[in-house]
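Visitor: I would like to learn how to read a helix and a pocket in a model. Please take them one at a time.

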Amino acid sequence: MIYLLIKALHIASVITFVAGVLILAMSVSVDNLVVLRAARRWDLHVTTPALMLVWITGPAIAVMGHAFGAVWLSVKLVLVVGLSVLHGLLAGSLRRAEQQGAALLSPTLRFAAPTTLTLTFVIVGLAVLKPA
């Protein structure tokens, strides 16, 4: 029962985190200071705590399910690290944009939204299919 509760919390946290990263990806290109501040508050109070829950519950599920050592999990963890790094880059860009009052979208971050979606689909596919 506790395993299922942790898994449910993990899934809800992942959904919240991915939605927050998509919000950040769209917000960093906006020149409206009100939108930038709102997105930054959302990131600080919702997206980042969701990411922390993802990183707490995910390894707990892997330990409880005896999944460590599986190739699919190793690949999934690398992709989750990549998504976490993308979140950090977006959050930093948002912070700088808010401080300077203008959007500062680097050429690399132009593809943050499709990258987020692609990584999410692959991560979910690995978690559900667990290919050998």
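Guide: The bend at a residue is the angle between axes fitted to the seven residues ending there and the seven starting there. Helices are DSSP runs of H or I with at least four residues, numbered from the N terminus. This is a predicted model, in which local features need pLDDT of at least 70, side-chain atom pairs count only at pLDDT 80 or more, and totals for chains, interfaces and linings use all residues. Residues are numbered from 1 along each chain as its sequence is written, and side-chain values use heavy atoms, leaving out hydrogens and water.

Visitor: Where does α2 bend?

Guide: At Asp 43, by about 45 degrees. The helix covers residues 33-64. Just after α2, His 66 has a positive phi of about 55 degrees.

Visitor: Which residues of α2 are buried?

Guide: Buried means under 20% relative accessible area with a 1.4 Å probe, protein chains only. Asp 43 is among them, as are Leu 36, Thr 47 and Gly 58. The buried residues of α2 pack against α1 (2-27) and α3 (71-100), where contact means heavy atoms within 4.5 Å.

Visitor: How is empty space found, and which residues lie nearest the centre of the largest pocket?

Guide: Rolling a probe the size of a water molecule over the atoms shows where empty space is left. On a 1 Å grid over the protein atoms alone, a pocket is an open set of points where a 1.4 Å probe fits, with protein on both sides within 12 Å along at least five of seven lines; lining residues have an atom within 4 Å of a point. Here 30 residues line the largest pocket, with His 10, Val 14, Lys 76, Ile 123 and Ala 127 nearest its centre. The largest share of that lining, 8 residues, comes from α1.

Notes. Helices (H or I, at least four residues) and strands (E, at least two) are DSSP runs, numbered from the N terminus. The expected span of a helix is 1.5 Å times one less than its number of residues. Buried means under 20% relative accessible area, exposed over 50%, partly exposed in between (1.4 Å probe, protein chains only).
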